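These are my notes from a first look through this structure, set down in the order in which I looked things up.

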Amino acid sequence: MMLPRPSKAVPVSELAQGESRKNELLFKGYPHHSYVQDPYTGNTGVVYPGDSTIYAPKVRGELHEEPEVLNRRYGVTPAQAAACSYGVLFGWDASRANPMAYNAAGEYMGV
C-alpha cells in the first residue's frame with residue numbers, strides 16, 4: 001500500500017502563509033496538538049505537527065500527567081500520537097510521521 005507523501009514538511013513557525021498552506025505540507029490526519037514524553041526531561045510535552053520543538057504544557061498540572069491520558073482527554077488517537085512523536089524527533093516528512101501508517105492501537109504497520 002502506497003501512502004501519500006507531503007510535498008515538504010517545515011516547522012509551523014515558518015508557515016506565515018496560513019492554515020491552508022500548512023495542510024499542503026504535512027500528511028493528512030494530524031490533530032491540532034499531541035502529548036508525548038519528552039525524551040530529554042522525561043516530562044510530558046506538547047507537540048504541534050510540523051514544528052520541531054517539544055513544548056511544556058500550558059496547563060500546570062499536565063506536566064506530570066501521562067501523555068496517553070492527556071491524548072485520550074483531547075481526542076488524539078494512538079496512531080496520531082505515535083506519528084507526532086516520531087515526526088518531532090526524526091522529521092515530519094518521514095514515513096513513520098504519517099498517522100495513516102499506524103493501526104488503531106498506535107503500532108507501526110511497516111508501510
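**Entry 1: the nonpolar core**

I began with the largest nonpolar core, which has 15 residues, and I noted that Y30, V47, I54, C84, V88, W92 and Y102 touch the most other members. I then looked up which element gives the most to this core, and found that it is α3, with 5 residues. I keep in mind throughout that the model is a predicted one.

Next I followed Y30 and listed what it touches, leaving aside residues up to four places away in sequence: P49, Q80, A83, C84, W92, A97, N98 and P99. Two of the names in that list, C84 and W92, I had already written down among the core residues that touch the most other members.

**Entry 2: aromatic rings**

I looked up the aromatic pairs and found that the structure holds 5 of them. In one of these, Y86 and F90, the ring centres are 4.6 Å apart and the planes stand at 35 degrees, so I entered the pair as tilted. Both residues belong to helix α3 (residues 78-90), where they are 4 residues apart and thus separated by about one helical turn. How exposed is each partner? Y86 has 26% relative accessibility and counts as partly exposed, while F90, at 56%, counts as exposed.

I then turned to Y102 and Y108, whose ring centres lie 5.5 Å apart with planes at 65 degrees; because that angle is over 60, the pair is edge-to-face. Y102, which I had met in the core, is buried, with a relative accessible area of 9%, whereas Y108 is partly exposed at 24%. What sits over the ring of Y108? I found the charged end of R96 there, 3.9 Å from the ring centre.

**Entry 3: the largest pocket**

For the largest pocket I noted about 220 Å³ of space. Its lining is made by Y35, V36, Q37, P67, E68, N71, R72, V76, P78, A81, A82 and S85. The elements that give two or more residues to this lining are β1 (34-37), α2 (67-73) and α3, so I was back at the helix that gives the most to the core.

**Entry 4: D93**

Last, I looked at the segment after α3, where D93 is found. Is D93 buried, partly exposed or exposed? With a relative accessible area of 41%, D93 is partly exposed. I also noted that D93 and L26, although 67 residues apart in sequence, are 7.4 Å apart in space, taken from C-alpha to C-alpha.

Notes: Residues numbered from 1 in each chain as written. Predicted model: local features only at pLDDT ≥ 70, side-chain atom pairs only at ≥ 80, totals over all residues. Heavy atoms only, no water. Phe/Tyr/Trp six-rings, centres within 6.5 Å; stacked < 30°, edge-to-face > 60°. Buried < 20%, exposed > 50% of the residue type's maximum accessible area, 1.4 Å probe, protein only. Lys NZ or Arg CZ within 6 Å of the ring centre and 35° of its normal. Core = buried A, V, L, I, M, F, W, Y, C linked by side-chain atoms within 4.5 Å. Contact = heavy atoms within 4.5 Å. 1 Å grid on protein atoms, 1.4 Å probe; cavity = no way out; pocket = protein on both sides within 12 Å on 5 of 7 lines; lining within 4 Å. Points joined across faces, edges and corners; volume = space filled by probe spheres on them.
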